[in-house]
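Thanks for coming, everyone. I would like to walk you through how some helices pack in this structure and where empty space is left, so please have the view open as I go.

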Amino acid sequence: MKNKNTLLNKKGQLSSVIGSYSFILIFAAIFIVYLIINQGATTWNGVMNILRHSAVVGIIAFGMGLVIITGGIDLSVGSTLALVGGMSVLVFNKSNSIILTLLFALAAGAFCGLINGFLIGRVKMPPFIVTLATMLVFRSISQYTLRTTGSSIYNMDGTLSSYEGFYGFGQQKVLTIPVVGLVFLLVCALIVFMSNNTKFGKTIYALGSNEKAARLAGINVERTSVLVYVITGILTGLSAFLWLAMNGSVDPATLGKSNEMYAIAAVVIGGISMSGGKGKILGVAFGAMSYTIIDKIIASLGFDALINDSIKGSILLLAVLVQQVVPMLREKIRKLSKEKAAR
């Protein structure tokens, strides 16, 4: 009986570990499908491009992950990307300074996040309504400002002395690894460390698990909520800077469209619970790369571009469904194991 219980405990521990890191298995499965579809045509540069193309949405998704862990949502990240990106172009063209453009992008992103955080954390307005409204406001401001300049898109001035350095940064590689991909990995490491090893990270999970209990434990719920949205804004500002470095221009009508959905998908595929309080931020990185690979699989299969979002939306629904069903099955298996052990 003792050996039987030990075996059941080991199976339970193994199931728990697999459940906690299922995002790695999902990523591996999707990547294998990608390799099979490409029939060996995948190169090292192709693999590195997955990392590069995951950077912008992936960095945004880290912020989205923190917001969802608190039990909130941020639908404005795509519009924030368009607004901050467009304004950053204007700053660069006026200043000819890469550093000033970066600082502006981070500060502008933080300000947009502060607006969301204040209305949600302090005024206690619903996150869905607040970020839906700011999603409309931010993109509208970006498009209106562009029209006043008389241009069709925000275009960085290629004649400036810093342009080559800025654009070159977006194309640069270190030991065959894209620099923007390295920035993505660095941000991942910082956010994972913050969420797992700092007091603030623990308060984020506590807030999402049970707001009343967190308040009773002495956590400043309002401040934590505001800071999480500010961090999301800063990360979106960094993504806007990286977008400029890679592309050199911003079309406010299209940039960031559906990025909120892609970020949420990366979070869900990464194993973070939409109900808040559960999940590993590390999973977001794998979720973002998984979604990038899915995009490449769709392209490789030659589907019409107009059907892409239908497929991605279906995958998001499936991921949420799995997130709901798997814990129920795990609980049933646990109960059956206990019943067998008791016999």
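Helix α2, residues 22-38, packs against helix α13, residues 282-300, at an angle of about 20°, and their axes lie 9 Å apart. Helices here are DSSP runs of H or I with at least four residues, strands are runs of E with at least two, and both are numbered from the N terminus. Axes are lines fitted to C-alpha atoms, for helices over the stretch in contact, and angles run from 0 to 180 degrees between N-to-C directions. The two helices α2 and α13 are therefore roughly parallel to each other, given that angles under 35 degrees count as roughly parallel, over 145 as roughly antiparallel, 65 to 115 as roughly perpendicular and the rest as oblique.

I should say early that this is a predicted model, in which local features need pLDDT of at least 70, side-chain atom pairs count only at pLDDT 80 or more, and totals for chains, interfaces and linings use all residues. Residues are numbered from 1 along each chain as its sequence is written, and side-chain values use heavy atoms, with hydrogens and water left out.

Coming back to the first pair, α2 passes α13 in a left-handed crossing, a crossing being left-handed if the near helix is turned anticlockwise from the far one by less than a right angle, and right-handed if clockwise. Among the residues that make the contact, which means heavy atoms within 4.5 Å, are Phe23, Phe27 and Phe31 of α2 and Phe286, Met289 and Ile293 of α13. By class, this contact of α2 with α13 has 14 nonpolar residues, four polar and one charged, where Ala, Val, Leu, Ile, Met, Phe, Trp, Tyr, Cys and Pro count as nonpolar, Asp, Glu, Lys and Arg as charged, and the others, Gly among them, as polar.

Helix α13 also packs with α12, at an angle of about 120° and with the axes 7 Å apart. That angle makes α12 oblique to α13, and α12 passes α13 in a right-handed crossing. Residues of α12 including Met261, Tyr262 and Ala265 meet residues of α13 including Gly283, Val284 and Gly287, and this contact of α12 with α13 divides into nine nonpolar, three polar and no charged residues.

The third pair is α5 and helix α6, residues 127-149, whose axes come within 9 Å and cross at roughly 150°. These two, α5 and α6, are therefore roughly antiparallel to each other, and their crossing is right-handed.

Where, then, is empty space left? Rolling a probe the size of a water molecule over the atoms shows this. The second largest pocket holds about 570 Å³ of space, and 21 residues line this pocket, those closest to its centre being His53, Val57, Trp243, Asn259 and Tyr262. Both α12 and α13 are among the elements that give two or more residues to this pocket's lining.

The structure also holds one cavity of 30 Å³ or more. Residues lining the largest cavity include Asp74, Cys112, Asn116 and Thr232, and by class its lining has two nonpolar, seven polar and one charged. On a 1 Å grid over the protein atoms alone, a cavity is a set of points where a 1.4 Å probe fits but cannot get out, a pocket is an open set with protein on both sides within 12 Å along at least five of seven lines, and lining residues have an atom within 4 Å of a point. Grid points are joined across faces, edges and corners, and a volume is the space filled by probe spheres set on the points.
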